[in-house]
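Subject: Structure handover

Hello,

Here is the structure I promised to pass on. Please open it alongside this email.

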Amino acid sequence: MDKQDVRQEVEDHILAMAKGDPWMKDHLPKITWFQDCSPFETDTSHPLVQQLADVAEEVTGKRVINGMSAGCDARHFTNVAHVPTVVCGPGICHNAHVYNEYLSKQQYFEAIETFANMIMEWTN
């Protein structure tokens, strides 16, 4: 799926919702895109994704594979260089990049252990 496909899907959904509202159907929103970030995706069945999920589960006891709605530089590795990429980090997304951003010591040390174990297993 490319950037234009994603934009079209989002715009179609917003307009469909607006057309279902008695007032909005006569006052359709004008959609302006603020940032121009290309989406990227690495298939969840890819060995990189599965290995990282396995390693994280060994360290944290949780196996989580999900998407992310924020933009980041990982898109360049996947879309331009064709390098499978994952975004993984400690903490809770709603605490990231905000005033008084924080994460617990346990999350910090689990991240270090996860990254170290992933590097050792992936490069073995």
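Below is what was found, from the whole chain down to single residues.

Please keep in mind that this is a predicted model.

**The chain as a whole**

The protein chain has four helices and zero strands. Read along the sequence, the pattern is α-α-α-α. How does the radius of gyration compare with that of a compact globule of 124 residues? The chain has 19 Å, while such a globule would be near 14 Å. The C-alpha trace spans about 60 × 35 × 20 Å along its principal axes.

Buried residues account for 17% of the 124 residues. The accessible surface is about 9,800 Å². Carbon and sulfur atoms hold 56% of that surface. Take the contacts between residues at least 6 apart in sequence: 56% of them join residues at least 24 apart.

**Charges and the salt bridge**

There are 9 positive and 18 negative side chains. The centres of the two sets lie 8 Å apart. Side chains of opposite charge can pair when their charged atoms come close. How many salt bridges does a search of the whole structure find? The search finds one. The side chains of D54 and R63 form that salt bridge, at 2.3 Å from N to O. D54 is partly exposed, because its relative accessibility is 32%. R63 is also partly exposed, because its value is 35%.

**R75, a charged residue without a partner**

R75 sits in helix α3, which covers residues 74–79. R75 is buried, yet it has no salt bridge. Which side chain of opposite charge is nearest to R75? That is D73, at 4.6 Å. The cut-off for a salt bridge is 4 Å, so a pair at that distance does not count. Leaving aside neighbours within four places in sequence, R75 is in contact with C37, S38, F40 and V80.

**C72 and P39**

C72 lies in the loop between α2 and α3. Again leaving aside neighbours within four places, C72 is in contact with F40 and V87. F40 therefore appears in the contacts of C72 and of R75. The C-alpha atoms of C72 and V98 are 16 Å apart, with their positions 26 residues apart along the chain.

P39 is in the loop between α1 (3–19) and α2 (47–60). Is P39 buried, partly exposed or exposed? P39 is partly exposed, because its relative accessible area is 27%. P39 and T114 are 75 residues apart along the chain. Their C-alpha atoms are separated by 26 Å.

**Two residues with positive phi**

Most residues other than glycine have a negative phi. H82 has a positive phi of about 60°, although it is not a glycine. N100 also has a positive phi of about 60°, and N100 is not a glycine either. Where is H82 found? H82 is in the loop between α3 and α4 (105–122). N100 is found in the loop between α3 and α4 as well. H82 counts as exposed, because its relative accessibility is 63%. N100 counts as exposed too, because its value is 59%.

**Where to look**

Start with D54 and R63, which meet in the salt bridge. Then turn to R75, which is buried and has none. Finish with H82 and N100, each with its positive phi.

Best wishes

Methods:
Residues are numbered from 1 along each chain as its sequence is written. This is a predicted model: local features need pLDDT of at least 70, side-chain atom pairs count only at pLDDT 80 or more; totals for chains, interfaces and linings use all residues. Side-chain values use heavy atoms; hydrogens and water are left out. Helices (H or I, at least four residues) and strands (E, at least two) are DSSP runs, numbered from the N terminus. Buried means under 20% relative accessible area, exposed over 50%, partly exposed in between (1.4 Å probe, protein chains only). Lys and Arg count as positive and Asp and Glu as negative; His and the chain ends are not counted. Contact means heavy atoms within 4.5 Å. The radius of gyration is taken over C-alpha atoms; the globule rule is 2.2 Å times the number of residues to the power 0.38. Accessible areas come from the Shrake-Rupley method with a 1.4 Å probe; for residues, only the protein chains shown count as cover. The place of a charge is taken as NZ of Lys, CZ of Arg, CG of Asp or CD of Glu.
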